[in-house]
Amino acid sequence: MGIKKRIAILGSTGSIGRQTLAVVENHRERFSVEVLTAQNNADLLIEQAVKFQPNAVVITNEALYGKVQEALNKFDIKVFAGRRSLLDIVSMSSIDMVVVALVGFAGLEPTYNALDAGKVVALANKETLVAGGEIIMQKALEKKSCVLPVDSEHSAIFQCLVGEHDNEIELLTLTASGGPFLGKNKKELSAVSPAQALKHPNWSMGNKVTIDSATLMNKGLEMIEAHWLFGVVPSKIQVIVHPQSIVHSLVHFSDGAVKAQMGLPDMKLPIQYALSFPQRLSMPYPHFTFADYGQLDFLAPDTETFECLGIAYEAIARGGNMPCVMNAANEEAVWAFLQEKIKFLDIPVVIKKTMDTVSRDKSVSLDILAETDDCARIKAKEIIETIN
């Protein structure tokens, strides 16, 4: 079969990380796990390390280093701790691909470092390109590295573009499930609970991305991500609600042809495609058949009720560090909602007020974005306290 692809999984204990390991488990002859990392879930990290025997693990919560070190002491596995270790380990010469499955802004710098080291990056972290798409794609170009999308929507677009070379793109269409509150109005959403918002009808995801799906911010983040990944201006990227989540996205070409990628809503498919590209490997899971679906529906998003999508278009139009401000405010607002400090409809309020308060900077760099992220979080937390 040849040499195995050696993979580092940043955020291996999260939803995407666990599903990535499931893909590796199905194709042990093709992939090996070189590095696993986690923030706080030491128990699962230890379990994964014992099973997959990586070269090294990183627990970024330094208080848990002793626990992980002791549990793995009898294995030939190096144990590191702290954020600095996470940022450094992606440069290991024994790594072929880095899967970035971290949540939020925390994924930006490790992705940048991995690309700087010439690694192929399989990116499952929307916020990295939302906050720092310009510097990430510049770094990939400079180092002749590669960013492969893991998000189902961007993987779909990527698959539709394979073989199209320089053919003109007229429009990209990102599909949205509509989340758990499809068809609800603001009055009906005024008192919804975090538990209700976390009941996604189609996908199994982490808490943060599930809330983003419920607010439609997820599609706003994906629009910005698509802009950077595929070089398409935001005005040529639209969102359509597709409740069945079978069509994962579409590409419209200048001759009127439309290509779509379809499949059951299972994240292991785009994960596996990123890991194995350009090859397609067998999937030991149910496959889509048209006979099981008598109808596929498509409708326009309700941007008056779900304001976050429009906020994302505004943020990318303002440019510079403003998408980073939006992203930080959204993360803080989602966290506050999950803690029941604010209501569901307060999430866009927090984001808009933060964007109106934090200074816009036309230029971006890692330092500027880190400073912007800190400033926006402080301001968002102040706004959340006033609402509370």
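Asp96 is partly exposed in this predicted model, with a relative accessible area of 28%. Its salt-bridge partner is Arg6, and the closest N and O atoms of the two sit 3.0 Å apart. Asp96 belongs to the loop between helix H4 (83–89) and S5, while Arg6 is part of strand S1, so the pair ties together parts that are 90 residues apart in sequence. Arg6 also counts as partly exposed, at 30% relative accessibility.

Both ends of that link lead to the sheet. Here seven strands form an open sheet with parallel pairing, in the order S4-S3-S2-S1-S5-S6-S7. At the edges are strand S4 (78–81) and strand S7 (146–149), each of which pairs on one side only. Going from one strand to the next, the twist averages 20°. Further along the sheet, strand S5 (residues 97–100) pairs with strand S6 (residues 120–123) in the parallel sense, over four bridges. As for individual residues in this pairing, Val100 has Leu123 of S6 as its bridge partner. Lying across these strands is helix H5 (residues 108–116), which covers strand S1 (5–10), S5, S6 and S7. The helix runs at about 155° to S6.

Back to the charged pairs: the structure holds 24 salt bridges. Some of them sit within a single helix. In helix H4, the side chains of Asp88 and Arg84 meet in a salt bridge, at 3.1 Å from N to O. Asp88 and Arg84 are four residues apart in helix H4, so about one helical turn separates them. Asp88 counts as partly exposed, with a relative accessibility of 41%.

Helix H13 (residues 308–318) offers another case, with Arg318 and Glu314 four residues apart and so separated by about one helical turn. These two form a salt bridge in which the closest N and O atoms are 3.2 Å apart. Relative accessibility comes to 25% for Arg318, which counts as partly exposed. For Glu314 the value is 36%, and this residue counts as partly exposed too. Elsewhere, salt bridges that share partners join up into one network, made of Lys126, Asp151, Glu153, Lys219 and Glu222.

Helix packing comes next. Helix H14 (residues 322–338) packs with helix H16 (residues 366–387) at an angle of about 40°, and their axes are 8 Å apart. That angle makes H14 oblique to H16. The crossing of the two helices is right-handed. On the H14 side, the contact is made by Cys324, Val325, Ala328, Ala329, Glu331, Glu332, Ala333 and Ala336. H16 contributes Leu369, Thr372, Asp373, Ala376, Arg377, Ala380, Lys381 and Ile384.

One loop residue rounds off the picture. Ser254 has its place in the loop between strand S10 (247–253) and strand S11 (258–262). At 44% relative accessibility, this serine counts as partly exposed. Leaving aside its neighbours within four places in sequence, Ser254 is in contact with Glu168 and Glu170. Ser254 and Glu170 are 84 residues apart in sequence, yet in space their C-alpha atoms are 5.1 Å apart.

Methods
Residues are numbered from 1 along each chain as its sequence is written. This is a predicted model: local features need pLDDT of at least 70, side-chain atom pairs count only at pLDDT 80 or more; totals for chains, interfaces and linings use all residues. Side-chain values use heavy atoms; hydrogens and water are left out. Two strands pair if DSSP finds at least two bridges between them. Axes are lines fitted to C-alpha atoms, for helices over the stretch in contact, and angles run from 0 to 180 degrees between N-to-C directions. Contact means heavy atoms within 4.5 Å. A salt bridge is a side-chain nitrogen of Lys or Arg within 4 Å of a carboxyl oxygen of Asp or Glu. Buried means under 20% relative accessible area, exposed over 50%, partly exposed in between (1.4 Å probe, protein chains only). Angles under 35 degrees count as roughly parallel, over 145 as roughly antiparallel, 65 to 115 as roughly perpendicular and the rest as oblique. A crossing is left-handed if the near helix is turned anticlockwise from the far one by less than a right angle, and right-handed if clockwise.
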